[in-house]
Amino acid sequence: MDFALSSCSWHGHETYAPEEPALRARLRVDTPAGEAWRCLRCANFVPGPPKASGPADRAPEVPRGRLLRDRVIMRLLAVERLIRALVLILVAAGIFQLRTSKTHAKEAFDNELPLIRPLADQLGWNVDESKLIKTIDDTFALSSTTLTWLALAVLAYAVLQLIEAIGLWLVKRWGEYFAVVATSLFLPLEIFELSEKVTVLRLILLLVNIAAVVWLIWSKRLFGARGGGRKYHEEHGAESLLTVERAAVLESRATSTETAAAERTD
């Protein structure tokens, strides 16, 4: 999949006219339809005037190649974290609601439970030994104060997930570190829950979190891995189309100088 073309199709091409003549000449061509400028993301020439202009050092930072692919993955992780945050917020709201109407909810639960027993028996579900039913029943026995603290804890976890989502979506360095630390802190709890009972959902969530931590540390060179932040920024800059073209200009000048020196020697 060409992530650059896909991104350009969604967000439009990123063209830029640098003030440096030699670099400007490499990014501009004349066509029968008029001038065309090279997109900093997909490297294709786009007819029409550039979106912006100025010194090359002030050009917008446009990810491309592997960095663009990594950005797509990070934003998928951000969406997953956002979904988690929304679910946790709904759970916290439900607990707050239960705290204020616990007696009514308990009566409704006791009245509805006998009605689902015939269906449960047909499905082979033993309601009397169900951990879910027992958890719900135990929740009704909690005091209002305990339910308040439980709701606040769930809400705090939702806020952590939301901060992760924002940091990953914006592709911020702090967001990468925050995601690794916050996710790692809850891995022991997820492993403990899986040791109690293996479910498909728990297993998938655990594997997603482990894969996210490993990928972020390795790909983003966090905590000094693979050269750390210095190598990360060097790699990030090397992927820029302007960096590549600037290197080509310098190489061309060096070649021209060597050729001229050789001709004078002859």
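The following paragraphs describe the helix packing, the largest pocket and the cavities of a predicted model of a protein chain.

The protein chain holds ten helices and five strands. Of its 266 residues, buried residues make up 31%. Among the contacts with a sequence separation of 6 or more, 67% are accounted for by residues that stand 24 or more positions apart.

Two packed helices are described by the angle between their axes and by the distance between those axes. For helix 6, which covers residues 144-169, and helix 7, which covers residues 173-196, the axes come within 8 Å and cross at roughly 145 degrees, and the crossing is left-handed. From helix 6, the residues that take part in this contact are Tyr-157, Leu-160, Ile-163, Glu-164, Gly-167 and Leu-168, and they meet Trp-174, Gly-175, Phe-178, Ala-179, Ala-182, Thr-183, Phe-186 and Glu-190 of helix 7. By class, the residues of the contact of helix 6 with helix 7 divide into nine nonpolar, three polar and two charged.

Gly-175, which lies in helix 7, illustrates this contact at the level of a single residue. Gly-175 counts as buried because its relative accessibility is 0%. When its neighbours within four places in sequence are left aside, Gly-175 is in contact with Gly-167 and Leu-168, both of which belong to the helix 6 side of the contact. Gly-175 and Ala-165 are ten residues apart in sequence, and the distance between their C-alpha atoms is 8.2 Å.

A second pair of helices was also examined. Helix 1, formed by residues 3-11, packs with helix 3 at an angle of about 65 degrees, and the axes of the two helices are 9 Å apart. In this contact, Phe-3, Ala-4 and Ser-7 of helix 1 meet Leu-68, Arg-69 and Val-72 of helix 3. The contact of helix 1 with helix 3 has four nonpolar residues, one polar residue and one charged residue.

The largest pocket contains about 1,100 Å³ of space. It is lined by 23 residues, and the closest of these to the pocket centre are Leu-88, Val-91, Val-154, Tyr-157 and Glu-193. At least two lining residues are supplied by each of helix 3 (66-100), helix 5 (131-140), helix 6, helix 7 and helix 8 (200-219), and helix 3 provides the largest share, with six residues. In terms of class, the lining of the largest pocket divides into 16 nonpolar, two polar and five charged residues.

Apart from the pocket, the count of cavities of 30 Å³ or more comes to two. The largest cavity has a volume of about 40 Å³, and its lining is made up of Arg-81, Arg-84, Tyr-157, Gln-161, Glu-164, Ala-182, Thr-183, Phe-186, Glu-190 and Asn-209. Helix 3, helix 6 and helix 7 are the elements that give two or more residues to this lining, with the largest share, four residues, coming from helix 7. The residues that line the largest cavity divide into three nonpolar, three polar and four charged.

For the second largest cavity, the volume is about 30 Å³, and the lining consists of Leu-77, Arg-81, Glu-164, Leu-168, Ala-179, Thr-183, Ala-212, Val-213 and Leu-216. Two or more residues of this lining come from each of helix 3, helix 6, helix 7 and helix 8, and helix 8 gives the most, with three residues. By class, the lining of the second largest cavity has six nonpolar residues, one polar residue and two charged residues.

Arg-81, a residue of helix 3, appears in the lining of the largest cavity and in that of the second largest cavity. With a relative accessible area of 2%, Arg-81 is buried, since a residue counts as buried when this area is under 20%. Residues up to four places away in sequence not being counted, Arg-81 touches Gln-161, Glu-164, Ala-165, Leu-168, Thr-183, Asn-209 and Ala-212. Of these partners, Glu-164 and Thr-183 also line the largest cavity and the second largest cavity, and they take part in the contact of helix 6 with helix 7.

Methods. Residues numbered from 1 in each chain as written. Predicted model: local features only at pLDDT ≥ 70, side-chain atom pairs only at ≥ 80, totals over all residues. Heavy atoms only, no water. Axes fitted to C-alpha atoms, helices over the stretch in contact; angles between N-to-C directions. Left-handed = near helix turned anticlockwise from the far one by under 90°. Contact = heavy atoms within 4.5 Å. Nonpolar A, V, L, I, M, F, W, Y, C, P; charged D, E, K, R; others polar. 1 Å grid on protein atoms, 1.4 Å probe; cavity = no way out; pocket = protein on both sides within 12 Å on 5 of 7 lines; lining within 4 Å. Points joined across faces, edges and corners; volume = space filled by probe spheres on them. Buried < 20%, exposed > 50% of the residue type's maximum accessible area, 1.4 Å probe, protein only.
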